[in-house]
Amino acid sequence: MNNNFSRRTFLKRATAAGLLGALTATGLSDPVKAAEQRGEKLGTLIDLTRCDGCPNSPTPLCVAACRQHNQSRFPEPQKPLKYYWPQKKVEDWSDKRELTTRLTPYNWTFVDKVKVEHNGLQHEIHVPRRCMHCDNPTCLKLCPFSAIAKESTGAVSIDDEVCFGGAKCRDVCPWGIPQRQAGVGLYLQIAPDLAGGGVMYKCDLCSDLLAVGQKPACVQACPREALAIGPREEIQALARKKAQDMGGYVYGDLENGGTSTLYISSVPFEKIDQAIKADKKQKEDNSPGRPGMPVKVDNYLESEKGLFYSALLAPFAGAAAAGITAYRTLKGDQSNGTSPNPVNPGEEEEHGHDNP
């Protein structure tokens, strides 16, 4: 009996150790290159038991690394900004570029902080937030301008050159991740007074780094190895194994039909979601860019309304895709109409005139 138990324990621990060794090895590019060679999608794991928000740094290091890596791609709006016809409002974050406490067009990841009571103990939880990179992205399927693509790595990106800033992607995202900046984008050249609203921005998982076999900037920068990246199935197995060993919980495995971003926590995500909502209510924070963590949220595309809207949109999206191809051809761009490294893949809420 003891021998059987010891054997099982050894095998479980050896499996976990093997996965951890493969995904947290010092060679930064190894997991990415291995997945690329095998043609596998990537997954990321965010371990909330390891993240402490970098208390000795003015900005969490993952956030600082993301901003430094992507700053050349941040939007530069043309002013004065025009209202979103027929509404008298506009989303403008250009005067709040240094804001790092939520998602914005100038800040594509941030670390939320909440206090959660669980099993009679008070826990301070730090939650890195960015795009979840869904397996079946609602934003991609319901973008009327075909401006969103899912790369072979599993990363979901927004092409800033063809995005009209209609914000449908934010409306159908369970977390409201993409954010909008006015005064930039194709709509300025086509119909600045009648259509569009800028460009939507979000994390694209550092597609430019993935393309050369490197890890995203946030993963590279984490001093506590709270973020890991590797083949999707291995990340999923690691998340489940670590959660089981700690008696904890996994997030992202089922939400929105499954995502490429998985979280593990020692406290239930329902309580984290409740804590975020309570903190926002207390601070009267009604602006976008600070998402909750709704558990087992359904994919909108699987609802009757979502299916109907997707079917209704299909002809328009097809025409938009054809128009985009023609636009790129006129510009001399011979690409296939998708952008593996979109120039501006992130954005945030409106704070220039009216709040959304």
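1. A word first on "buried", since much of this note leans on it: a residue counts as buried when its relative accessible area is under 20%. With that in hand, look at strand 1 of this predicted model. On one side of the strand sit Leu42, Thr44 and Ile46, on the other Gly43, Leu45 and Asp47, and every one of these residues is buried. Six of the six residues of strand 1 are therefore covered, so the strand is largely enclosed by the rest of the structure.

2. Here is the overall setting. The chain has 356 residues, and 51% of them are buried. Its secondary structure comprises eleven helices and ten strands. If you take the contacts between residues at least 6 apart in sequence, 72% of them join residues at least 24 apart.

3. Where does strand 1 belong? It is part of an open sheet of four strands, in the order 8-1-10-9, with mixed pairing. Strand 8 (227–231) and strand 9 (249–251) are the edge strands, each pairing on one side only. From one strand to the next, the twist averages 25 degrees.

4. Now follow the pairings across the sheet. As background, strands of a sheet pair through backbone hydrogen bonds, either parallel or antiparallel. Strand 1 (residues 42–47) runs antiparallel to strand 8, and five bridges join the two. Gly43 has Gly230 of strand 8 as its bridge partner, and Leu45 stands opposite Ala228 in strand 8.

5. Towards strand 10, strand 1 pairs in the parallel sense, over four bridges. Thr44 is the bridge partner of Thr261 in strand 10, while Asp47 stands opposite Ile264. Strand 10 in turn pairs with strand 9 in the antiparallel sense, over three bridges; in this pairing Tyr251 stands opposite Tyr263 of strand 10.

6. Is strand 10 covered or open on its two faces? Both faces are covered: Thr261, Tyr263 and Ser265 on one side, and Leu262 and Ile264 on the other, are all buried. That makes five buried residues out of five in strand 10.

7. Two helices are worth a look here. Helix 3 (residues 61–70) has Cys62, Val63, Ala65, Cys66, Arg67 and Asn70 as its buried residues. These buried residues pack against strand 2 (110–118), helix 8 (217–221) and strand 8, the last being an edge strand of the sheet. In helix 9 (residues 232–246) you will find Lys242. Its relative accessibility is 16%, which is why Lys242 counts as buried. Between Lys242 and Ser265 there are 9.4 Å in space, C-alpha to C-alpha, although the two are 23 residues apart in sequence.

8. Next comes the nonpolar interior. The largest nonpolar core has 57 residues, and those touching the most other members are Leu48, Ile125, Tyr263, Ile272 and Met293. Tyr263 is already familiar as a buried residue of strand 10. Leaving out residues up to four places away in sequence, Ile272 touches Leu48, Val114, Val116, Ile125, Val127, Ser265, Val267 and Met293. Another core, of seven residues, lies apart from the largest one; its members include Leu45, Ile235, Leu238 and Ala243. Leu45 is also one of the buried residues of strand 1.

9. Which residues lie nearest the centre of the largest pocket? They are Thr101, Phe110, Val111, Asp112 and Lys113, out of a lining of 19 residues. The space in this pocket comes to about 370 Å³. Strand 2 and strand 3 (121–129) each supply at least two residues of the lining, and strand 2 gives the most, with four residues.

10. Finally, the enclosed spaces. Three cavities of 30 Å³ or more are present in the structure. The largest cavity holds about 100 Å³ of space. Its lining has 15 residues, and Cys131, His133, Cys134, Cys139 and Cys173 lie nearest its centre.

Technical notes: Residues are numbered from 1 along each chain as its sequence is written. This is a predicted model: local features need pLDDT of at least 70, side-chain atom pairs count only at pLDDT 80 or more; totals for chains, interfaces and linings use all residues. Side-chain values use heavy atoms; hydrogens and water are left out. Two strands pair if DSSP finds at least two bridges between them. Axes are lines fitted to C-alpha atoms, for helices over the stretch in contact, and angles run from 0 to 180 degrees between N-to-C directions. Buried means under 20% relative accessible area, exposed over 50%, partly exposed in between (1.4 Å probe, protein chains only). Contact means heavy atoms within 4.5 Å. A nonpolar core is a set of buried Ala, Val, Leu, Ile, Met, Phe, Trp, Tyr and Cys residues joined through side-chain atoms within 4.5 Å. On a 1 Å grid over the protein atoms alone, a cavity is a set of points where a 1.4 Å probe fits but cannot get out, and a pocket is an open set with protein on both sides within 12 Å along at least five of seven lines; lining residues have an atom within 4 Å of a point. Grid points are joined across faces, edges and corners, and a volume is the space filled by probe spheres set on the points.
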